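Here is a short report on nonpolar packing, a surface patch and one acidic residue. Please keep the model open while reading.

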Amino acid sequence: MVEHGIIITLFFTMSICLLTMLSSKLKVAYPILLVVAGLLFSLIPGIPKITINPDVIFLIFLPPILYEAAISNSWKELWRWRRVITSFAFIVVFITASVVAFIANHFIPGFSIPLGFLLGGIVSPPDAVSAAAIMKFVKVPRRISAILEGESLFNDASSLIIVKFALISVGIGQFVWYDAAGDFLWMVVGGVAVGIATSYIFNKLHNWLPMDENINIIFSLVSPYIMYLIAEEIEASGVLAVVSGGLFFSYRRILFLSSSSRLRAENVWSTFSFLLNGFAFLLIGLDLSEIMENMKIDGVDIWTATGYGVLITIVLIIIRMGCAFGALLVTFIMRNFIKVADPNNPGKAVPIVLGWTGMRGVVSLAAALSIPLTVGTTTTPFPMRSLILYITFIVILLTLVIQGLTLPVLLKYLRFPHFNDHLSEDKTKILIRKGLAQVSLDYLRTHELCPTAEQSRTLATLVDHWVEQVSEINETDSLYGNSRHLYIDILKQQRLWLYRLNNENPRIDQEIVNHFIHRIDLEEERMRKE
């Protein structure tokens, strides 16, 4: 039995790799192919039925996926677009859940308002992995990717909070608003506090105890699970704990992690996150067989349920498009009263893209699977459970296929205005190269270092290189010499200067800064191994 499970796991792993390679060749987002492949696998005779434990989905998949997204995100961009991000992550999610609740209550027989809010909370959060996979093939303005990435960090938390309260309402048959308000406040504040406190403790451990690269990586892998479990144990939001802890760690990791730890962690997290996302999307399709069996047991007509799924999908697309243009209208009005992040007209392209990037994914499936089989502690079957699961599956499938396949075409024909949010890439690189050269020269002059005769030849060459960078900004190869320790100290100063530049200059694109930090880390590693 164990060997059979290992064989199935290896088969799915190879399928994920092959389908991802195929998606790159076809220029199609890999989540689309994985979901469709999972659907086809579930229809193959002899394939064992995949029974997905919702607790496993939440615990194994959700914390590391969210943590990786948080540590890869830019705190500067999050703060810059905080109004749009919080609007989409909280207000739009609540509007979506409310409208879906109203539509389900009126058009689906037997759907009460609490059940409608349950369905609305499940299908309200878009999946950022799908959008990111699509935008890999088409270049979009940095602000759009920043908003989508920032929204994805928080909309999962807000939607799961709605799901939790809806489950309580279905169980007790009523909704006590002041109890819900207190619980909501505790889930938000408690989740954020747990995440920051846990990340702070891990940071202190890095300073107090000697750690090598392997221990640092293990710490980074277990920390999101610890944050999530602690927060859930005290009935706070585990999702917000992971997100806030990841952002706190990301903001400070350059100050205490070694170059070797950062480089190895990037590779480990990239592979780990890819596999987790791949299995998550594959499991969405594989779960269809179990959903269909439950539908038959409950006597739900498949075509009628499909129609409900199509209806909810259309409603979701309309709501998000309406909210995207509504946000643009509110910005035009409010800029007359308050300072907004962008006083200029962003045009129609931005709300169209933000509205159309509404693909649903693994969080929606996990939330649907988390619905208990019975109501509370009774033996009464949970009403409409199989129908909610099937509608969720239809929403995920349709949004991934329809919006996912048409988004690249849409992006090719849209014309974005020149936002001028950041300096151009060429100007930014020139500024950074000049600054790195200057901080290196300043370090030598400030410390009045007296190198040995052998070091002097090396440093003379390095100084000539830096002076040339300051004056002419010519592209030259990295230089090495025997002044290993001194040069490593200078590289550390360069990293700190990049850290300060990114935090203090809003016109600098953090992706370019991260590129230079990565190069410095690589150079330091080569220096240590010479």
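The report goes from the cores to the surface patch and then to D521.

This is a predicted model: local features need pLDDT of at least 70, side-chain atom pairs count only at pLDDT 80 or more, and totals for chains, interfaces and linings use all residues. Residues are numbered from 1 along each chain as its sequence is written, and side-chain values use heavy atoms, with hydrogens and water left out.

The largest nonpolar core holds 122 residues. Such a core is a set of buried Ala, Val, Leu, Ile, Met, Phe, Trp, Tyr and Cys residues joined through side-chain atoms within 4.5 Å. Buried means under 20% relative accessible area, exposed over 50%, partly exposed in between (1.4 Å probe, protein chains only). L118, L119, I122, F154 and I312 touch the most other members. Helix α17 gives the most to this core. Beyond four places in sequence, I312 is in contact (heavy atoms within 4.5 Å) with V100, I103, L119, V123, I391 and V395. A second, separate core has 22 residues, including W497 and F516.

Helices here are DSSP runs (H or I, at least four residues), numbered from the N terminus.

| Helix | Residues | Item |
|---|---|---|
| α17 | 385–413 | 13 residues in the largest core |
| α3 | 54–72 | 3 residues in the nonpolar patch |
| α10 | 213–233 | holds L229 |
| α21 | 510–529 | holds D521 |

L229 is partly exposed, at 46% relative accessible area. D521 counts as buried, at 1% relative accessibility. Its C-alpha is 4.8 Å from that of S259, 262 residues apart in sequence. Leaving aside neighbours within four places, D521 is in contact with S259, R262, L263 and R495.

Methods:
Helices (H or I, at least four residues) and strands (E, at least two) are DSSP runs, numbered from the N terminus.
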